Number of protein chains: 2
Amino acid sequence: MASDLLVALLDGTLVPADRPLLRADDAGVTRGDGCFETTLAVAGVPRDLPEHLARLQLSADLLDLVLPGPEDWTRGVDAVLGARQGADQVVRLIATRGPEGGIPTCYVTGGPVPASSVAQRTAGIRVALLERAVSGADAARMPWLLFGAKTLSYAMNMGALRWAAARGLDDVLFVGSDGAVLEGPRSSVVALLEDDTGPVLCTPPADGILDGITVRRLLGAADAAGLATSRRLLTVADLQAAQGVWLTSSVRLLAPVTELDGSPLVDGGWTPRLAALLEVPA
Amino acid sequence: MASDLLVALLDGTLVPADRPLLRADDAGVTRGDGCFETTLAVAGVPRDLPEHLARLQLSADLLDLVLPGPEDWTRGVDAVLGARQGADQVVRLIATRGPEGGIPTCYVTGGPVPASSVAQRTAGIRVALLERAVSGADAARMPWLLFGAKTLSYAMNMGALRWAAARGLDDVLFVGSDGAVLEGPRSSVVALLEDDTGPVLCTPPADGILDGITVRRLLGAADAAGLATSRRLLTVADLQAAQGVWLTSSVRLLAPVTELDGSPLVDGGWTPRLAALLEVPA
């Protein structure tokens, strides 16, 4: 909603959200040429900001894009947080290649947390499986495809989400050409499998997919709490046999998958325990 | 260049190119969510405008985007053409999903024709082969991947072109997982093959790739002139054995490939004949 949106430049200036900011020839518009990050501020404090700034830099490197440094981005983030002190917000960092012959357009936005994202943390989500026709290994050895970068070219991701929504589903999980599960359009996938040694919290290797910050945090916290973790190729059969499957992301944080490709999934009571590890706000 | 750019809204108003036009939360920026067309105006007359308007509508349909009709777009195009009467221009039609809860942002730009594009029509281009890891058939049965739509999410295409430029090359040709040649990041591929019955001008089937307007026009003109044409799967070996290989697109029109993946290609003197069929301006 326009009136709920805050927009800050990297010098810390807030600009009216309804005032146009980008030129008609900005490559961010004409080519989806740029990168972004999204995180959640809880009670005015952004989660994992250093990790998001590092990944923004990684995306910029993959795009050959020279961006302002972390201190500049932090100034923009602080402006958005300061304007709504102590509030929960979705904070977005956006960088485009800029207009023809110009410099990158960089800004930060703040907006309300969607109620649906909060509700899905407990209610769970019904998920479609969609082929992406590229395996993680293929994507990793084809850097020009930019699968590891969080670029502004999200039309395919949004198309997949619309495809699911048109069928009454909440989200999507992409499957590669080798049958291995990859990631969601805006999320990572986690499954709790039963190994010979006990339960193991698993996520696919970060090859040819986005290196999810929330899933990294979850696995780190699980390790520290004595729950075994593993990065391994996961098949659809693995997910169907799992004690639970979740999609993780920076705003929704952790959502249990209650239905995958039309089949119900259990969650074995693990959702609150993983949410606690991830410090999901109550 | 900013000063050379014209920007028109669909009501026919010209707006200053250096005045920002898009909001910070426009999905065209934040998600590369929208579609576009590019064509060439020669001496003030746009080439293939009805075909570009039809493809814009097709892309919008694939994106579930409701756009203004052809008469509105034509008003914007006329404004750009009228401001520079009789000139050659690159004319771009751009539509985004618009800001959160808003309506699509639609506009037309006019700008100079890059000298490099004109030069490459005769000098030819050195082309890299890059895998795209998806075959045309796979892409066609996965509509959520939007390969048939000309979306604003072109970061991957621009990444491939940067990959080639960093190696001193001019362009790229994508190859699918089945070894068949697909398309360039901003062009279609045409090859003149020698069949038992004589020379045949070939291009891949339009499955899972963009349905190129210039290549369609070229094949139509060739048919009319008595040169056999065919849509068929083409391998890299087919191209290496061809009497000539060209990339076609709306601005550069027809560029002979002089080198493919490091190996020189002949053109058998066909470039001027095909350029005449395509009515390439001298």
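This is a chat about how the two domains of chain A meet in a predicted model.

Q: Hi! Which domains is chain A divided into?
A: Chain A has domain 1, covering 6-113, and domain 2, covering 117-278. Keep in mind that this is a predicted model.

Q: Okay, and how far apart are their C-alpha centres?
A: The C-alpha centres of the two domains lie 25 Å apart.

Q: How many residues of each domain are in contact?
A: On the domain 1 side there are 24 residues, and they are in contact with 20 residues of domain 2.

Q: What area is buried between them?
A: About 1800 Å² is buried between domain 1 and domain 2, and carbon and sulfur atoms give 65% of that. On the domain 1 side, A:F36, A:R47 and A:R55 supply 35% of the area buried against domain 2, more than any other three residues.

Q: New topic: how many salt bridges are there between the domains?
A: The count is one salt bridge.

Q: Which residue forms a salt bridge with A:D48?
A: That would be A:R217, and the closest N and O atoms of the pair are 2.7 Å apart.

Q: And how many residue pairs are in polar contact across the interface?
A: Nine residue pairs are in polar contact across the interface of the two domains.

Q: Which strands and helices of domain 1 supply at least two residues of the side touching domain 2?
A: Strand 3 (34-42), helix 2 (49-62) and strand 5 (89-96) each do. The largest share, seven residues, comes from strand 3.

Q: How do the residues on that side divide into nonpolar, polar and charged?
A: The side of domain 1 that touches domain 2 has nine nonpolar, eight polar and seven charged residues.

Definitions and conventions: Residues numbered from 1 in each chain as written. Chains lettered and ligands numbered in written order. Predicted model: local features only at pLDDT ≥ 70, side-chain atom pairs only at ≥ 80, totals over all residues. Heavy atoms only, no water. Domains from an automatic or database assignment. Contact = heavy atoms within 4.5 Å. Buried area = accessible area lost by both parts, 1.4 Å probe. Salt bridge = Lys/Arg side-chain N within 4 Å of Asp/Glu carboxyl O. Polar contact = N/O pair within 3.5 Å; in protein donor to acceptor, adjacent residues only side chain to side chain. Helix = DSSP H or I, 4+ residues; strand = E, 2+ residues; numbered from the N terminus. Nonpolar A, V, L, I, M, F, W, Y, C, P; charged D, E, K, R; others polar.
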